[in-house]
Amino acid sequence: MTETIYDSDYYLLERMRLDSDKEAYCSLYSKYYPILVAYAEMFVCLEDAEDVVQDHLLRLWTRRDELGALMSLKAFLFACVRNSCLDKLRRSKSHGSRVTELWENLAEA
């Protein structure tokens with residue numbers, strides 16, 4: 001399926017930013033929520049992954065006026081989710097073995 005200009009992240013972000021368009025936000029949410037949760041699960045449990053992703057997607061809406069011109073929404077969201085998951089692991093008391101496993105997996109990749 002080919003993405004049209006009206007489905008592009010840039011267009012949807014502009015609609016959100018300029019018009020507070022909830023449909024544009026819902027489109028981005030639907031597009032990114034499942035893949036971001038799957039990505040976050042590489043770092044944390046499912047419940048934490050869902051919380052992290054929901055927090056960042058909510059921030060996308062609440063801070064839409066501050067977005068400006070993002071080069072890549074996808075890269076931005078993945079970086080935010082990764083950083084939040086790593087922060088969550090650092091704060092966790094029982095994160096020792098999970099962090100070691102994570103760094104080993106990242107080293108192999």
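**Exercise 1.** Which residues in α1 meet which residues in α2?

*Solution.* This is a predicted model, in which local features need pLDDT of at least 70 and side-chain atom pairs count only at pLDDT 80 or more, while totals for chains, interfaces and linings use all residues. Residues are numbered from 1 along each chain as its sequence is written, and side-chain values use heavy atoms, with hydrogens and water left out.

Step 1. Helices (H or I, at least four residues) and strands (E, at least two) are DSSP runs, numbered from the N terminus. Contact means heavy atoms within 4.5 Å.

Step 2. From α1, the residues Asp 9, Leu 12, Leu 13, Arg 15 and Met 16 take part; they meet Glu 23, Ala 24, Tyr 25, Ser 27, Leu 28, Lys 31 and Tyr 32 in α2.

Step 3. By class, these residues comprise seven nonpolar, one polar and four charged. Here Ala, Val, Leu, Ile, Met, Phe, Trp, Tyr, Cys and Pro count as nonpolar, Asp, Glu, Lys and Arg as charged, and the others, Gly among them, as polar.

**Exercise 2.** Determine how α1 and α2 are oriented, then treat α2 and α3 in the same manner.

*Solution.* Step 1. Axes are lines fitted to C-alpha atoms, for helices over the stretch in contact, and angles run from 0 to 180 degrees between N-to-C directions. Angles under 35 degrees count as roughly parallel, over 145 as roughly antiparallel, 65 to 115 as roughly perpendicular and the rest as oblique.

Step 2. α1 and α2 pack at an angle of about 140 degrees, their axes being 8 Å apart. These two helices are therefore oblique to each other.

Step 3. Helix α2 (residues 22-40) packs with helix α3 (residues 46-62) at about 150 degrees, and the axes are 9 Å apart. The pair α2 and α3 is therefore roughly antiparallel. Their contact has 12 nonpolar, one polar and two charged residues.

Step 4. A crossing is left-handed if the near helix is turned anticlockwise from the far one by less than a right angle, and right-handed if clockwise. The crossing of α1 and α2 is left-handed, and that of α2 and α3 is right-handed.

**Exercise 3.** How many disulfides does a search of the whole structure find?

*Solution.* Step 1. A disulfide is a pair of cysteine sulfur atoms within 2.5 Å. The search finds zero.

Step 2. For Cys 85, the closest cysteine sulfur is in Cys 45, at 9.6 Å, which is too far for a bond.

Step 3. Buried means under 20% relative accessible area, exposed over 50%, and partly exposed in between (1.4 Å probe, protein chains only). Cys 85 is buried at 0%, and Cys 80 is buried at 18%.

**Exercise 4.** Describe the backbone angle and the surroundings of Ser 20.

*Solution.* Step 1. Ser 20 lies in the loop between α1 (9-19) and α2.

Step 2. The phi of Ser 20 is positive, about 50 degrees, although Ser 20 is not a glycine. Most residues other than glycine have a negative phi.

Step 3. With 34% relative accessibility, Ser 20 is partly exposed.

**Exercise 5.** Is Met 71 buried or exposed?

*Solution.* Step 1. Met 71 is placed in the loop between α3 and α4.

Step 2. The relative accessible area of Met 71 is 85%, so Met 71 is exposed.

Step 3. Met 71 and Tyr 10 are 61 residues apart in sequence, and their C-alpha atoms are 8.6 Å apart in space.
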